[in-house]
Amino acid sequence: MATGPQGSGYPEQAAQLTEARAEYAWLRAGSQTVQQQPLRDFAQAMRSFFTGTHRRPTWRKAGVNEGFRQVRFKPHHVERLNRRFGQVRVPKVGWVRFRLSRPVPEGVKSYRVTRDRAGRWHVAFAHIPDSIASPGDGSVVGIDRGVVVSAALSTGELLHAPALTRGESKRLKVLQQRLARAKRGSSRREKTKRAIATLKARERDRRKDWVEKTTTNLARRFDVIRVEALDVRAMTRSARGTVEQPGVRVAQKRGLNRAIVRSGWGQLVTRLQHKAFGRVEQVPAAYTSQRCSACGHVAPGNRKSQAVFECEACNAERCNADVNAARNIAAGRAVTARGDLAGRRSANREPQLNTPAA
């Protein structure tokens, strides 16, 4: 099933699918529209790759994001049964009940059914939600993302992404040790993997819920939301290197990567851009943690520790280091060297900040 430079292999692959359905009864028992959709998606992915907008498609791993997509289904194929449950008509399967986590929007034309590693089935309806209206008061907030404090606001608020409890973390460690001792392919190993996936799915659900509530709150409270311009994907890459050039401090970097993922850096900004469309600005992150938000002095010694900021040049009151960085981000100050030339140029046109008095 080869594809051309522009993903033109779909007609050939569709013809091969028709021949295979005629030969195999188990394949013919499934819906042809559902089976054709992955071929269309693959053709589109190859076109996006060759036009330079996306990366090359990769092989899907068994047990990860298992599912299928159904497009162009009719509106009466999804119904609400009561306050908690609805049902959707799946081709060649029939009516399937699902838990209504939120109302199904009007005008949806496609949905995706997936199965996660914890064995849970989900149905997601494709719909572009409306952005949240701004308060219109000219308020500006800066957000500094970190590991110890997931998000520090220029207003002085410190937000923490939820994680597993102490008991859940202890159980996860025990399960991971059990998994290392289990024989590959055994039932015991599969049962342990399922238990680990259940705990991690619980943590992921809590983090996603926190991100949704936090971003909705910020989009409703502030007109302009400024964040650090961070390449989270590059920051969480592995440091193990290659056989010829192995990496150093790989275990420490792996722990940092996991901490960044647990803090929800990428999800937070992505959902803010969806909900506060056109009101999210990205500010260069260089030296924002070393610059005093009161006088503008930049020095490594200003940050006494991870949590304490005390300027060496002025008598500003000692404050939280993440909050100080968030205030620099809110002001839109881009520091590109051991100085504050950009900040001085913009000193006369800085916006009114929604921050407490120093």
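Where does R184 lie? R184 sits in the loop between α4 (166–181) and α5, and with a relative accessible area of 70% R184 is exposed. This is a predicted model, so to speak: local features need pLDDT of at least 70, side-chain atom pairs count only at pLDDT 80 or more, and totals for chains, interfaces and linings use all residues. Residues are numbered from 1 along each chain as its sequence is written, and side-chain values use heavy atoms, with hydrogens and water left out.**Overall picture**

- The protein chain has 10 helices and 13 strands, where helices (H or I, at least four residues) and strands (E, at least two) are DSSP runs numbered from the N terminus.
- Along its principal axes, the C-alpha trace spans about 80 × 50 × 50 Å.
- Out of 358 residues in the protein chain, 35% count as buried. Buried means under 20% relative accessible area, exposed means over 50%, and partly exposed is in between (1.4 Å probe, protein chains only).
- Accessible areas come from the Shrake-Rupley method with a 1.4 Å probe, and for residues only the protein chains shown count as cover.

**Positive patch**

- A patch of positive charge on the surface brings together K61, R117, R184, K193, K200, R204, R254, R258 and R262.
- Two elements, α5 (187–221) and α7 (250–263), give two or more residues to this positive patch.
- Patches take residues with over 30% relative accessible area and no salt bridge; like charges are joined within 9 Å, and nonpolar side chains (Val, Leu, Ile, Met, Phe, Trp, Tyr) within 5 Å.
- For the charges, Lys and Arg count as positive and Asp and Glu as negative, while His and the chain ends are not counted. The place of a charge is taken as NZ of Lys, CZ of Arg, CG of Asp or CD of Glu.

**Nonpolar core and nonpolar patch**

- The largest nonpolar core has 18 residues, and I143, L153, L218, I225, V227, L272 and V280 touch the most other members.
- At least two residues of this core come from each of β7 (140–145), β8 (151–153), α5, β10 (224–228) and α8 (265–275). The biggest giver is α5, with four residues.
- A nonpolar core here is a set of buried Ala, Val, Leu, Ile, Met, Phe, Trp, Tyr and Cys residues joined through side-chain atoms within 4.5 Å.
- As background, nonpolar side chains tend to be buried together in soluble globular proteins.
- There is also a nonpolar patch on the surface: V147, V148 and L256 have about 230 Å² of accessible area together. L256 belongs to helix α7 and is partly exposed, at a relative accessible area of 39%.

**Salt bridges**

- You'll find 13 salt bridges in the structure, each being a side-chain nitrogen of Lys or Arg within 4 Å of a carboxyl oxygen of Asp or Glu.
- R69 pairs with D41 in a salt bridge, and their closest N and O atoms are 2.4 Å apart. R69 is in strand β1 (residues 66–71) and D41 in helix α3 (residues 32–50), so this pair ties together parts that are 28 residues apart in sequence.
- Both ends of that bridge are partly exposed: R69 has 27% relative accessibility, and D41 has a relative accessible area of 28%.
- E157 and R221 also meet through their side chains in a salt bridge (2.8 Å, N to O). E157 lies in the loop between β8 and β9 (158–159) and R221 in helix α5, so parts that are 64 residues apart in sequence are tied together by the pair.
- E157 is partly exposed at 28% relative accessible area, and R221 counts as partly exposed at 31%.
- Another salt bridge joins the side chains of K304 and E312 (3.9 Å, N to O); K304 counts as partly exposed, at 44% relative accessibility.
- D116, R120 and D205 are joined into one network by salt bridges that share partners.

**Backbone and spacing**

- R72 is not a glycine, yet its phi is positive, near 55 degrees. R72 sits in the loop between β1 and β2 (78–80) and is exposed, with a relative accessible area of 65%.
- K92, also not a glycine, has a positive phi of about 65 degrees. Its place is the loop between β3 (85–90) and β4 (94–99), and K92 is exposed at a relative accessible area of 58%.
- L199 is in helix α5 and is buried, with a relative accessible area of 4%.
- From C-alpha to C-alpha, L199 and P246 are 32 Å apart in space, and they are 47 residues apart in sequence.
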